[in-house]
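Here's a quick tour for anyone meeting this structure for the first time. Have a look at it below, and then we'll walk through some of its parts.

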Amino acid sequence: MSHSVLILPGDGIGPEIVAEAVKVLITLRDEFALNITLEHALVGGAAYEASGHPLPPATLDLARAADAVLLGAVGGPQWEALPIALRPEKGLLGLRGELGLFANLRPAILYPQLAAASTLKPEIVAGLDILIVRELTGDIYFGQPRGIETLPSGEKRGLNSMVYTESEIERICHVAFAAARQRQHRVCSVDKANVLECTELWREVATRVGRDYPDVQLNHLYVDNAAMQLVRAPKQFDVIVTGNLFGDILSDAAAMLTGSIGMLPSASLDANHKGMYEPIHGSAPDIAGRGVANPLATILSVAMMLRYSLAAPALADLVEKAVVRVLDRGLRTADIAAAGTETVGTAQMGDAVITALRELNT
Ligand code: NAD
Ligand code: IPM
Ligand code: MN
């Protein structure tokens with residue numbers, strides 16, 4: 001069966017890193033019999049420039065029709081003055097919301113070859129393998145009411161609402177517990193139940209769902225402590241399940257444990273394995289256009305796509321093995337290179353992955 005994949009390069013380094021991931025998809029299609037068709041569309045600032053909207057209806061239609069979406073990143077300083085509704089980030093949030101992609105899987109794995117690239121001591125991060133399960137379509141990101149209003153005094157007030165329903169918490173917790181069964185059978189639920197009622201409910205529901213998984217050990221941490229534990233002793237974690245905002249912040253912190261945010265892929269899934277795949281990092285305006293960004297997070301996102309949406313787990317393994325082989329060979333983009341050592345650019349890194357894929361095929 002043929003699968004359709006929609007490519008959304010986005011802004012900043014998005015087009016550069018997505019080009020390398022597309023090379024991987026095309027190689028798999030042409031040389032490994034992966035049955036896919038590729039479409040391209042605009043999202044984010046690029047779409048705003050072309051059509052006046054960060055998520056044009058044509059892009060949303062294509063995304064709805066596709067089996068999987070590969071997204072680079074959106075945003076940049078040139079769009080920061082736009083109203084929130086027209087900002088590039090709204091394009092991404094619109095896709096997540098409209099497609100119902102509530103389950104965001106963000107694996108943070110330390111490749112042993114990169115132990116020295118982490119800012120933490122090697123013994124703290126060696127063997128690190130955490131899965132952050134972030135709820136992606138609720139919380140303060142989508143809660144109503146929201147906005148900026150002017151009070152009778154003339155002073156302005158900004159307002160956002162942290163909102164979760166029981167069913168939203170339940171379904172993401174099921175994803176986390178099911179994932180833990182494939183791993184170390186441990187779930188840490190992260191909340192701020194000592195202060196926020198919304199997350200008091202989160203803890204109650206997580207505990208209830210946990211009773212369906214007696215073989216999985218559940219513990220709870222407040223988010224401030226969780227952030228501290230992540231950098232103190234990150235290997236205590238197996239699966240972390242948390243809400244949209246806490247998951248956003250904790251996953252960037254977890255990224256640095258692995259050496260670079262340029263290494264972390266993600267999958268955003270609905271209930272039927274339709275997914276959007278993207279690196280967890282942003283459009284990196286500080287390095288955009290220079291051909292130096294690390295494409296591995298995006299290439300590893302393709303591996304997740306193969307596994308979750310394209311029913312091609314063997315090819316997913318192959319892409320991950322190719323990345324390991326490239327790291328073994330010592331290829332490093334600037335973000336994962338030790339000071340003073342030789343680095344490669346975005347395209348060279350992508351080419352090296354393709355070479356490794358071909359070698360693994362023989
Ligand atoms: P960022 O993730 O873009 O960059 C943070 C730092 O990490 C920068 O120094 C950047 O150079 C570096 N970095 C990121 N990706 C890298 C890669 N692949 N290789 C090497 N270095 C990399 O975060 P930011 O600077 O806070 O945000 C920039 C823009 O991106 C903002 O407009 C933000 O809203 C947007 N953003 C988008 C997404 C997304 O599309 N999913 C995610 C985060 C931020
Ligand atoms: C991410 C990003 C997005 C988020 C932004 C760009 C909307 O930071 O994917 O982690 O906050 O979810
Ligand atoms: Mn983020």
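Let's start with Arg-106, which sits in strand β4. Keep in mind that this is a predicted model. Is Arg-106 buried or exposed? It counts as buried, because 25 C-beta neighbours fall inside 10 Å, and 20 or more is what buried takes. Setting aside the residues within four places in sequence, Arg-106 is in contact with Ile-132, Arg-134, Ser-251, Leu-264, Ser-266 and Ile-280.

Arg-106 also turns up in a UniProt record: an unreviewed entry lists Arg-96, Arg-106, Arg-134 and Asp-224 under "binding site". Don't picture these as one cluster, though: they span 129 residues in sequence and the farthest two C-alpha atoms are 26.4 Å apart, so they do not all gather at one spot.

Arg-96 belongs to helix α4. It is buried too, with 21 other C-beta atoms within 10 Å. Not counting residues up to four places away in sequence, Arg-96 touches Leu-101, Leu-136, Thr-137 and Ser-268.

Under the same feature name, the unreviewed UniProt entry also places Asp-224, Asp-248 and Asp-252. These are spread over 29 residues of sequence but cluster in space, with a largest C-alpha distance of 14.4 Å. Asp-224 lies in helix α8 (residues 223-232), while Asp-252 is found in helix α9 (residues 244-257).

Here is how four of the residues from the record compare for burial:

| Residue | Other C-beta atoms within 10 Å | Burial |
|---|---|---|
| Arg-96 | 21 C-beta atoms | buried |
| Arg-106 | 25 C-beta atoms | buried |
| Asp-224 | 13 C-beta atoms | partly exposed |
| Asp-252 | 15 C-beta atoms | partly exposed |

Now for the sheet. In what order do its strands run? Ten strands form an open sheet in the order β2-β1-β3-β12-β11-β4-β5-β10-β8-β9, with mixed pairing. At the edges stand β2 (36-40) and β9 (217-222); each has a single partner strand, so one side of each is left without a neighbour in the sheet. From one strand to the next, the twist averages 20°.

Within that sheet, strand β4 (residues 103-109) runs antiparallel to strand β5 (residues 129-135), and seven bridges join the two. Ala-103 stands opposite Glu-135 in β5.

There's another antiparallel pair to find: strand β6 (residues 147-150) and strand β7 (residues 156-159), held over four bridges. Here Glu-149 stands opposite Arg-157 in β7. The two strands form a hairpin with five residues between them, and Gly-154 in the turn has a positive phi of about 95°.

Finally, the ligands. Which residues come nearest to ligand 1? Of the 22 residues around it, those are Gly-75, Gly-262, His-281, Gly-282 and Asn-294. Sorted by class, the shell around ligand 1 has eleven nonpolar, seven polar and four charged residues.

Ligand 2 is surrounded by Gly-75, Glu-89, Leu-92, Leu-93, Asp-248, Ile-280 and Gly-282. That shell divides into three nonpolar, two polar and two charged residues. Helix α4 (residues 88-98) gives the largest share of the shell, three residues. A few names link back to earlier stops: Arg-96 lies in helix α4, Asp-248 is one of the positions in the UniProt record, and Ile-280 is among the contacts of Arg-106.

Technical notes. Residues are numbered from 1 along each chain as its sequence is written. Chains are lettered from A and ligands numbered from 1 in the order in which they are written. This is a predicted model: local features need pLDDT of at least 70, side-chain atom pairs count only at pLDDT 80 or more; totals for chains, interfaces and linings use all residues. A residue is near a molecule or strand if its C-beta atom, placed from the backbone, lies within 6 Å of it. Ala, Val, Leu, Ile, Met, Phe, Trp, Tyr, Cys and Pro count as nonpolar, Asp, Glu, Lys and Arg as charged, and the others, Gly among them, as polar. Two strands pair if DSSP finds at least two bridges between them. UniProt positions are given in the numbering used here, feature names are shortened, and annotations may be inferred rather than shown by experiment. A residue is buried if 20 or more other C-beta atoms lie within 10 Å of its own, exposed if 12 or fewer, and partly exposed in between; C-beta atoms are placed from the backbone. Axes are lines fitted to C-alpha atoms, for helices over the stretch in contact, and angles run from 0 to 180 degrees between N-to-C directions. Two residues are in contact if their C-beta atoms, placed from the backbone, lie within 7 Å.
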